[in-house]
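Let's walk through this protein together, one question at a time. Have a look at it first, then we'll start with a single residue and zoom out.

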Amino acid sequence: MSIDKGTRARALNQRPCMVWLTGLPSAGKSTIADLLEQRLGALGRHTYLLDGDNIRLGLSRDLAFTRPDRVENVRRISEVAKLMVDAGLIAIVAVISPFRSERARARALMEDGEFAEVFVDAPIEVCEARDVKGLYAKARRGDIPDFTGIDSPYEPPENPELRINTVELSPDEAVDEILQFLQERER
């Protein structure tokens, strides 16, 4: 008997899925994703977090921030996350993924009900104020070309499974909403 996704999911006693957090730089994606992974772990769930910053240090270190490179970065992340879901895990992806078409391709890799797009929404002014790395300021000075939200577009999701307004919700409240969504999906 071969081992497939269903066998792995039953062994882990969970429903695998891909939780895809998208939003502008400094909207809160990584903060929410880290907390989500911790909370799911405390519930006995098996997860893996793919964060855009970490992916750029390894898997996508050969890519710049041009449109074709961004497309390739999201393609790579999508394929890795798909493998993790196939392994029975809850893959948490926290990456800007600025183009709707690339997020749609990630969704298309998954079976119905296995992909949850979470729009981590905050106005650009709030994102700039939160930016501890000073990336927005560098982009506005022209030191960082192709910066999402400044001189490279961000296409907000039109129909995400969840929209998290990080001006109104704390990271804990945001994670509560995602966990509630995941629990309802398992019923």
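Q: Which helix is the place of Gly6 in?
A: Keep in mind that this is a predicted model. Residues 5-12 form one helix, and Gly6 falls inside that stretch. So the place of Gly6 is helix α1.

Q: Does Gly6 count as buried, partly exposed or exposed?
A: Buried would need under 20% relative accessible area, and exposed would need over 50%. Gly6 comes out at 27% relative accessibility, so the label is partly exposed.

Q: How far apart are the C-alpha atoms of Gly6 and Phe99?
A: Along the chain, these two sit 93 residues apart. Through space, their C-alpha atoms are separated by 31 Å.

Q: How many helices and strands does the protein chain have?
A: Try reading along the sequence: the pattern goes α-β-α-β-α-α-β-α-β-α-α-β-α. Tally up the two kinds and you get 8 helices and 5 strands.

Q: What radius of gyration does the protein chain have?
A: The chain has 187 residues, and a compact globule with that many would have a radius of gyration near 16 Å. The protein chain agrees with that, because its own value is 16 Å.

Q: What share of the contacts with a separation of 6 or more comes from residues 24 or more positions apart?
A: Here a contact means heavy atoms within 4.5 Å. Take the contacts in the protein chain with a separation of 6 or more; residues 24 or more positions apart account for 76%.

Methods: Residues are numbered from 1 along each chain as its sequence is written. This is a predicted model: local features need pLDDT of at least 70, side-chain atom pairs count only at pLDDT 80 or more; totals for chains, interfaces and linings use all residues. Side-chain values use heavy atoms; hydrogens and water are left out. Helices (H or I, at least four residues) and strands (E, at least two) are DSSP runs, numbered from the N terminus. The radius of gyration is taken over C-alpha atoms; the globule rule is 2.2 Å times the number of residues to the power 0.38. Buried means under 20% relative accessible area, exposed over 50%, partly exposed in between (1.4 Å probe, protein chains only).
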